[in-house]
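Please open the model in your viewer and keep the sequence panel visible. The tour below goes from one selection to the next.

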Amino acid sequence: MNMIIKNKAIVADDWTVLRLQEQETPESVIVAAGKVIVPLKVWQAQRAALQDRKEIGVWLASDERPEELKGDIEKFSVIAVDFPKFSDGRGYSIAFNLRARLGYSGELRAIGDVLRDQLFYLQRVGFDAFAPRPDRKIEDVIKGLSDFSEVYQTSFDQKLPLFRRVQRKANEAASS
Amino acid sequence: MYRYDEYDQQIVDERVRQYRDQVRRRLSGELTEQEFLPLRLQNGLYMQIHGYMLRIAVPYGLISSQQMRMFAHIARKYDRGYGHFTTRQNIQFNWLKLQDTPDILADLASVQMHGIQTSGNCVRNITLDEFAGVAQDEVVDPRPYAEILRQWSTFHPEFAYLPRKFKIAISGGKEDRAAIYAHDIGLAAIKNAQGEVGFRVVVGGGLGRTPIIGSVICEFVPWQHILTYVESILRIYNQYGRRDNKYKARIKILVKALGIDEFRRQVEADWADLKDGPGTLTSEEINRVASFFADPAYETLPDHDSKLNEFKADSRSFSNWLSRNVKPHRIPGYAIVVLSLKKTGNAPGDATAEQMDFVADLADRYSFGELRITHKQNLVLADVRQKDLISLWQEASAQELTTPNIGMLTDIISCPGAEFCTLANARSIPLAKLIAERFENLDYLYDIGEITLNISGCVNACGQHHIGNIGITGVEKKDHDEWYQVSIGGAEGNDSSISKIIGPSFTFHQVPEVIERLIHVYLRERFEAESFIDTVRRVGHAPFKEHVYATDFAAQEDEAADKHVVLPAQYDVPYYSPRF
């Protein structure tokens, strides 16, 4: 069974991520039984069959729009966002929009090129689950969640900017 | 100026700890170079020709004497005794070892400094009008907003892996001194008819391969909403900016592709959800940050010092300096002093450790302990009593910081060029030197008057050549020799324009003669007191082009040999670039 990071802990995971092979099409690919995270295009092509499953997940590529899931998000046990390269930052805005605009509250998982040094930012925009790249030690990767203990700005994790959360000092010399 | 509280300090300290561990993992091989690259870039660390170069942030160009002394310390301890002030109001050190960089960042953190987001595809150090807070034409003091935006953009989780780098500039005077039309986002702090503070927001400007003057996306965003408005711009860019081609990835390409109206529609649709939300700025916060920029303890002084006039009459050098390097201050009896880093032969923007310590002392004694770095690569003492100008001039002259050439042809803006930078096609610093030597005569220089000359070693335009009245660019040619394109008609400020190339490119040694010929046409064509740029705009390119190419250039006997005598000897730089 795969290990992932979920809610800040390393846990076993029994979902499989379906990625289309070259000759497969969204319409014809066979979605195995059990807990499968399917590509958005497969969901769209096979919606009628998939939507009655008890547990189904979907994943978005970095060039796909979260708005495509509008009206459907309640149906998913997990939504994943794929990072084809860790330096492709579109997934951060996808996550933010899924959470803040579409109101998705279920598991949001980062998949693909997921590495330790991006984890802090990823959790801030709304990811609560991470499937690190398989060649990395998950015990190291999880350390990335705690790089910083304070942040300035709002994002999904922190609804108030620092200046609304704490009393910060003014310049004493000026106030006298 | 702004001082860290415990939150700022904690965030920067934790960054040093994070970076130290990243360097450890890189050195142990846990991180590949490809994975380490964006991590080190977001701490300002580049790999250049001679080794690692560290770009340290000087947030919006304001710096204390204590921080300046830390630069001197770094120059001595980790580098070769000097640093280079950049067109983004930062400083770069060129000769560092990777193993030392965590310690350097720890040293910097001890004086509230860092290299955060001075490179990489993220929101970079925000730049500001170098006379903010003291300029006579100031409408709104933009410094508190610059600090608030600095905090907002620091480690913004959603915008750390943008399609490309992202630069924001802010101006607050009637005259734009921050080149806001040449930035990804330019903010002009203004007041509306009701006297309320807000920002004219300009988007999609930029230089580089595709120079574009920015477009106004909103004429007035009230100050409360500036953070959320900027956030929406970034979000649209992050999602839709091109990532398939590095040269088409800046926001200017997206704005151009969509058109400003469609881009605005998308931004405002996003913004509708954020407006009036918790990201909205509060007057408590703006007042708190503004308290750090409150006036220092100015004395009540007469606006004209009689001793100055006497001394001026006696000393032509002083009088030249006064008229070129000293600017009017909004407080009577005070002046803004620009310390020139453009002495002939000096690499534009370079300062030695001794000079850094020296200017720190000057700041302590003459300017409330603060300095500014200008985007024209000079230093500023912003709050000098007029009655101190004579002694300040005498002291600064001994350190060669009073060349009276601010705004003149020899106040050349230049990137580091091919001796330092892996991107450059050609040398910049030696060319600046050659040109400065040619125009050293002050009578001639002053007759030419206000003019800007910018040199970039390649199209990436770190020397901002597109907005120089005269712009020089190192271009790549098949023969791998150095060639330079010359363009004219660029300008920054309220009347920004992009320069146009005059024709086929030139060799290194032809460029000073080309400049001379351009100046000849200007002096011939100008109306009384008309500036170079105004003459170019009135008569067009044709007369300049015609004269420059009319006669052949004298053959340079030893073009090749000269390449090895390029920088002042103390720098000990061999001429070397992998491109040649």
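How many bridges join β11(B) to strand β12 of chain B? Select β12, residues 334–339 of chain B: 3 bridges join it to β11(B), and the two strands run antiparallel. Strands (E, at least two residues) and helices (H or I, at least four) are DSSP runs, numbered from the N terminus, and two strands pair if DSSP finds at least two bridges between them. Within this pair, B:Val326 has B:Val337 of β12(B) as its bridge partner.

This is a predicted model, in which local features need pLDDT of at least 70 and side-chain atom pairs count only at pLDDT 80 or more, while totals for chains, interfaces and linings use all residues. Residues are numbered from 1 along each chain as its sequence is written, and chains are lettered from A and ligands numbered from 1 in the order in which they are written.

**First sheet**

Now show the sheet around that pair. Its 5 strands are open and antiparallel, in the order β3-β14-β15-β12-β11 of chain B. β3 and β11 (326–328) of chain B stand at the edges with a single partner strand each, so one side of each has no neighbour in the sheet. From one strand to the next the twist averages 35°; angles run from 0 to 180 degrees between N-to-C directions, and axes are lines fitted to C-alpha atoms, for helices over the stretch in contact.

Add α3(B), which packs on this sheet, touching β3 and β14 (370–373) of chain B, at about 85° to the direction of β3(B). Then add helix α13, residues 389–398 of chain B, which lies across β11, β12 and β15 (379–385) of chain B and runs at about 10° to β12(B).

**Second sheet**

Select the strands β1-β2-β5-β4-β13 of chain B, given in sheet order: these 5 form an open antiparallel sheet. The edges are β1 (45–47) and β13 (350–352) of chain B, each with a single partner strand, so one side of each is left without a neighbour in the sheet. Here the twist averages 30° from one strand to the next.

β1(B) pairs with β2 (residues 52–56) of chain B over 3 bridges, in the antiparallel sense. The bridge partner of B:Tyr46 is B:Met53 in β2(B). Helix α4 (residues 101–109) of chain B packs on the sheet and touches β1, β2 and β5 (91–96) of chain B, its direction making about 15° with that of β2(B).

**Domains**

Colour chain B by domain: domain 1 (6–109), domain 2 (135–282), domain 3 (306–398) and domain 4 (413–571). These bounds come from an automatic or database domain assignment. The contact between domain 1 and domain 3 of chain B takes 21 residues from domain 1 and 20 from domain 3; two residues are in contact if their C-beta atoms, placed from the backbone, lie within 7 Å. On the domain 1 side, α3(B) gives the most, with 7 residues.

**A helix pair**

Select α16 (residues 511–525) and α18 (residues 542–550) of chain B, which pack at about 135° with their axes 9 Å apart. α16(B) and α18(B) are therefore oblique to each other (under 35 degrees counts as roughly parallel, over 145 as roughly antiparallel, 65 to 115 as roughly perpendicular, the rest as oblique). Among the contact residues are B:Leu518 of α16(B) and B:Phe544 of α18(B).

**The other chain**

Finally, show chain A: 34 of its residues are in contact with 34 residues of chain B. On the chain B side, α1(B) gives the largest share, 6 residues.
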